[in-house]
Amino acid sequence: MNAFAAIVRRDLLLAARRKSEVFTALFFFMIVVSLFPLGIGPETALLRRIAPGVLWVAALLAAMLSLNRLFAADHADGTLEQMALSPTPLALLVGGKIVAHWLTAGLPLVLLAPLLGLQFDLSARALGVLMLSLLLGTPLLSLIGAIGAALTLGLRGGGVLLSLLVLPLYIPALIFGAGAVEADMAGLGAAGHLSLLGALLALGAFFAPWAATAALRIALE
Amino acid sequence: MLQAHGLACDRGDRRLFSAVDFSVAAGEWLQIEGANGAGKTSLLRIVAGLAPAAAGQLDWDGRPVAAQRDEFHARLLYLGHAPTIKDELTALENLRSAAAIAGRALDESAALAALRRIGLKGREDLPTRVLSQGQKRRVALARLLCSQTRLWILDEPFVALDVAAVALLCEILDEHLARGGLLIFTSHQAVQLGGAGSSLRLGR
């Protein structure tokens, strides 16, 4: 458990020293979301309808931007080998890296989303549901993304391949996440969608570190 | 006691080496020599358990390593070609996070003492980005001073070191051997180490 905390702390420290990477993804999210109201014009009814989908798609893409680097730096400088040789199970260390990735690439999106949602004239209640759906959904994006990042580690053109691999796997998160906000706005209640998203998160938290670890071991050989 | 029986390694469909036997007992060292591409690093990675051997078996204290992976790794320190150094972190942070990954909490005073001994006094809090190649190498080697593992596997530990650092490293390795540690390393240069030792030549 010590090594787990150490990995999270080290990755957060690295992110704090390489601020540009975190802010690039964040600005990407802000700009992509803001382009829609500018392009469509002030039709509040239409904006309100597309808001959940736009915010969620932008969050998917922003969360994916930093996936390339999730394991690449550790692979290049040999840290990954040291992790594989650690007495602590590699899956636990990989879990630590995923947690750190969510804290730097997922959590900022969750916190920024309500502010950006205002541009789409969403009600306070819908913004709350949006935040909640992102809070459950973005960790899932980091978990699934870690599998893709591990599978494409060390491949040439891995970045494009990673998007092709990971984006289809993001579809359930997108459907239930955006669906939660839409259902709430339609007065149907978001509980069903959020529960399914939570179930996916539980499933991902259990299986994704193992799957990513298996892929990393292949990359190390 | 580490014993290898008939280790072999394949690269693609080419056999890199085969029938490699060696044995290293407590307090002994083994130097692996060979031309570039002879498979020195591959052999070390196989011994460390990072890559599977195409054939052969490795025994640690009389039992196959494959049957006691975790115990074996808890007694192993492997320093590969890659520096294992993060440019953004300071020497101190690098050393402490490496120790944490290796499953050992390293307190600040012990880490500082190790960095001082390795010749990085006054540079503990600089990001390693601003250090020279040799100094980065020293940060990596400082891990040896903080390690209490029995088996050290070092890939080209003498690369990029100046004369004084080579002498210091030999001293550190001698201390490890005197404590009853085992050492396997690759090097192109002849190294004077205390204790019993042998060398293994890969390829012809």
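These are my notebook entries on a predicted model with a chain A and a chain B.

**Entry 1: chain A**

I began with chain A and listed its secondary structure. I got nine helices and zero strands. Going from the N terminus, my list just reads α-α-α-α-α-α-α-α-α.

Next I looked up the extent of the chain. The C-alpha atoms of chain A fill a box of roughly 55 × 35 × 30 Å along the principal axes. Does the radius of gyration of chain A agree or disagree with that of a compact globule? Chain A has 18 Å, and a compact globule of 221 residues would be near 17 Å, so I wrote down "agrees".

I also noted burial: 47% of the 221 residues in chain A are buried. Then I took the contacts in chain A between residues at least 6 apart in sequence, and 80% of these join residues at least 24 apart.

**Entry 2: chain B, overall**

Chain B gave me six helices and nine strands. Its C-alpha atoms fill a box of roughly 50 × 35 × 30 Å, again along the principal axes. I ran the globule check here too: for 204 residues the rule gives a radius of gyration near 17 Å, and chain B has 17 Å, which agrees.

Of the 204 residues of chain B, 39% count as buried. For contacts in chain B between residues at least 6 apart in sequence, I noted that 68% join residues at least 24 apart.

**Entry 3: domains of chain B**

I looked up how chain B is divided. Domain 1 takes 1-75 + 151-162 + 179-204, while domain 2 takes 82-148. The C-alpha centres of these two domains of chain B lie 25 Å apart.

How many residues of domain 1 of chain B are in contact with domain 2 of chain B? I found six from domain 1, facing five from domain 2. On the domain 1 side, five are nonpolar, none is polar and one is charged.

**Entry 4: the parallel sheet**

Time for the strands. Five strands of chain B form an open sheet in the order 6-7-8-3-9, and the pairing is parallel. Which strands stand at the edges? They are strand 6 and strand 9 (197-201) of chain B; each has a single partner strand, so one side of each has no neighbour in the sheet. The twist averages 15 degrees from one strand to the next.

I then followed strand 7 (residues 151-155) of chain B. Strand 6 of chain B joins strand 7 through four bridges, running parallel. In that pairing, B:Y78 has B:I153 as its bridge partner. Strand 7 of chain B also pairs with strand 8 of chain B, in the parallel sense, over five bridges. Here B:L154 has B:F185 of strand 8 as its bridge partner.

Why is strand 7 of chain B largely enclosed by the rest of the structure? Five of its five residues are buried, so that is how I filed strand 7 of chain B. I checked the two faces separately, and both are covered. B:L151, B:I153 and B:D155 are buried on one side, and B:W152 and B:L154 are buried on the other.

**Entry 5: the antiparallel sheet and helix 1**

Chain B has another open sheet, made of four strands in the order 2-1-4-5 with antiparallel pairing. Its edge strands are strand 2 (14-24) and strand 5 (63-64) of chain B, each pairing on one side only. Strand 5 of chain B is joined to strand 4 (residues 55-60) of chain B by two bridges, in the antiparallel sense. I picked out B:W60, whose bridge partner in strand 5 is B:R63.

Helix 1 (residues 40-48) of chain B packs on this sheet, touching strand 1 (2-11), strand 2 and strand 4 of chain B. Its direction makes about 125 degrees with that of strand 1 of chain B. Helix 1 of chain B turned up again with the parallel strands: it lies across strand 3 (29-33), strand 6, strand 7 and strand 8 (182-186) of chain B. With strand 7 of chain B, the angle is about 155 degrees.

**Entry 6: where the chains meet**

Last, I looked at the contact between the chains. Chain B puts in 26 residues and chain A 21 residues. On the chain B side, helix 2 (69-74), strand 6 (76-79) and helix 3 (91-101) each supply at least two residues. Helix 3 of chain B has the largest share, with five residues. By class, I noted 16 nonpolar, six polar and four charged residues on the side of chain B that touches chain A.

Terms used: Residues are numbered from 1 along each chain as its sequence is written. Chains are lettered from A and ligands numbered from 1 in the order in which they are written. This is a predicted model: local features need pLDDT of at least 70, side-chain atom pairs count only at pLDDT 80 or more; totals for chains, interfaces and linings use all residues. Two residues are in contact if their C-beta atoms, placed from the backbone, lie within 7 Å. Ala, Val, Leu, Ile, Met, Phe, Trp, Tyr, Cys and Pro count as nonpolar, Asp, Glu, Lys and Arg as charged, and the others, Gly among them, as polar. Two strands pair if DSSP finds at least two bridges between them. Axes are lines fitted to C-alpha atoms, for helices over the stretch in contact, and angles run from 0 to 180 degrees between N-to-C directions. Domain bounds come from an automatic or database domain assignment. The radius of gyration is taken over C-alpha atoms; the globule rule is 2.2 Å times the number of residues to the power 0.38. A residue is buried if 20 or more other C-beta atoms lie within 10 Å of its own, exposed if 12 or fewer, and partly exposed in between; C-beta atoms are placed from the backbone.
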